[in-house]
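Student: I should like a close look at one part of this protein, namely its aromatic side chains. Please set that part in the context of the whole fold and of the backbone.

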Amino acid sequence: MNGANDGNLAVASDGTYAGGGAVEFQASRHIYVHALAVDTEGAQQRDIETLVDRKYMESFEVGWSSGSLGKQYRHYRAGMWRDDTRKNGSGYGGGFAFDHELSNGWTPFGRFVFGTNKGTAIKDSYGIGLAHVHPFGRRGDMFGAAFNYTQPNLPGKYHESVFESFYRLRLTQSVEIGPDVEVSVHPTYATKAYTTTLLGARMRIIF
């Protein structure tokens, strides 16, 4: 299975290219179920040889969605996970998230994840944001801003906060571009506390 290079905010020890399996079940038009089991010691250079170590992460998620982006999109989901790792011990946790598009296009969203002191690099993560799916009446454009706060487990040193905002401009049916700004406050694994601002640009070409 291929994940993010360093896992994710909720289960950062999983790594990438790990052996495992995942299933998605569409229970009804609006309700779905996700289930996942993955080798927490897996890595791209080890293939599936660590499966015999019996260090696994299991996760279960149920969600409800309706509408589509720009047409009162609603998405609510909640999940639980448990994992066993060689270096970080065993742990468990859960969380929930939501996206709720209002009739005027404003869309509040959030994610709240809670975990134990072991089993994962990040103990808790809280994120909240606001987007607009057709700013200035332009269909295809999007504006977004969000704030995320994470509380690490050891050896993480700092509680990290990140603010990010972007604007996506649709030039054509196939090309989207836009600016992006990110402010990082006290990165978790930095040798000393500091704040930095990153300016960037995004471009997406749809074939």
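**Aromatic contacts and their setting**

Tutor: One aromatic cluster is made up of Trp64, Tyr76 and Phe98. The model in which this cluster appears is a predicted one. With ring centres within 6.5 Å as the criterion for a pair, the model holds six aromatic pairs. One of them joins Tyr76 and Phe98, whose ring centres are 6.4 Å apart and whose planes meet at 20°. Planes under 30 degrees apart count as stacked, and the pair of Tyr76 and Phe98 is therefore stacked. Tyr76 belongs to strand S4 (residues 71-84) and Phe98 to strand S5 (residues 90-100), so their contact ties together parts that are 22 residues apart in sequence. The two partners fall into separate accessibility classes: Tyr76 is partly exposed at 36% relative accessibility, whereas Phe98, at 18%, counts as buried.

A further pair is formed by Phe136 and Tyr167; their ring centres lie 6.4 Å apart with the planes at 40°, so this pair is tilted. Phe136 is found in the loop between strand S7 (122-132) and strand S8 (142-152), while Tyr167 is part of strand S9 (residues 160-170), so the pair ties together parts that are 31 residues apart in sequence. Phe136 itself is exposed, with a relative accessible area of 76%. An aromatic ring also takes part in a contact with a charge: the charged end of Arg202 sits over the ring of Phe166, at 4.8 Å from the ring centre.

These contacts belong to a fold with zero helices and 11 strands. Its pattern along the sequence is accordingly written β-β-β-β-β-β-β-β-β-β-β. The C-alpha trace spans about 55 × 50 × 30 Å along its principal axes. The protein has 207 residues, of which 37% count as buried. Among contacts between residues at least 6 apart in sequence, 44% join residues at least 24 apart. The accessible surface comes to about 12,300 Å², and 60% of it belongs to carbon and sulfur atoms. As for charge, there are 21 positive and 21 negative charges, and their mean positions are 4 Å apart.

Two residues help to place the strands and loops in space. Gly127 is in strand S7 and is buried, with a relative accessible area of 10%. Leaving aside residues up to four places away in sequence, Gly127 touches Phe109, Gly110, Arg111, Phe112, Phe147 and Asn148. Although Gly127 and Gly137 are 10 residues apart in sequence, their C-alpha atoms are 27 Å apart in space. Tyr194, by contrast, is located in the loop between strand S10 (175-185) and strand S11 (195-205). Tyr194 is partly exposed, at 38% relative accessibility. The C-alpha atoms of Tyr194 and Gly127 are separated by 21 Å, with their positions 67 residues apart along the chain. The contacts of Tyr194, again without residues up to four places away in sequence, are Ser184, Val185, His186 and Pro187.

One of these contacts, His186, leads on to the backbone. Most residues other than glycine have a negative phi, and most peptide bonds are trans. His186 has a positive phi, near 55°. This histidine, His186, is placed in the loop between S10 and S11, and its relative accessible area of 30% makes it partly exposed. Arg54 likewise has a positive phi, near 60°. Arg54 is situated in the loop between strand S2 (31-39) and strand S3 (56-68) and is exposed, with a relative accessible area of 65%. As regards the peptide bonds, the one from Leu154 to Pro155 is cis, with omega near 10°. Pro155 is in the loop between S8 and S9.

To return to the part you asked about: the stacked pair of Tyr76 and Phe98 shares its two residues with the cluster that includes Trp64, and the tilted pair links Phe136 with Tyr167.

Terms used: Residues are numbered from 1 along each chain as its sequence is written. This is a predicted model: local features need pLDDT of at least 70, side-chain atom pairs count only at pLDDT 80 or more; totals for chains, interfaces and linings use all residues. Side-chain values use heavy atoms; hydrogens and water are left out. Rings of Phe, Tyr and Trp (its six-membered ring) pair if their centres lie within 6.5 Å; planes under 30 degrees apart count as stacked, over 60 as edge-to-face and the rest as tilted. Helices (H or I, at least four residues) and strands (E, at least two) are DSSP runs, numbered from the N terminus. Buried means under 20% relative accessible area, exposed over 50%, partly exposed in between (1.4 Å probe, protein chains only). A charge sits over a ring if NZ of Lys or CZ of Arg is within 6 Å of the ring centre and within 35 degrees of the ring normal. Contact means heavy atoms within 4.5 Å. Accessible areas come from the Shrake-Rupley method with a 1.4 Å probe; for residues, only the protein chains shown count as cover. Lys and Arg count as positive and Asp and Glu as negative; His and the chain ends are not counted. The place of a charge is taken as NZ of Lys, CZ of Arg, CG of Asp or CD of Glu.
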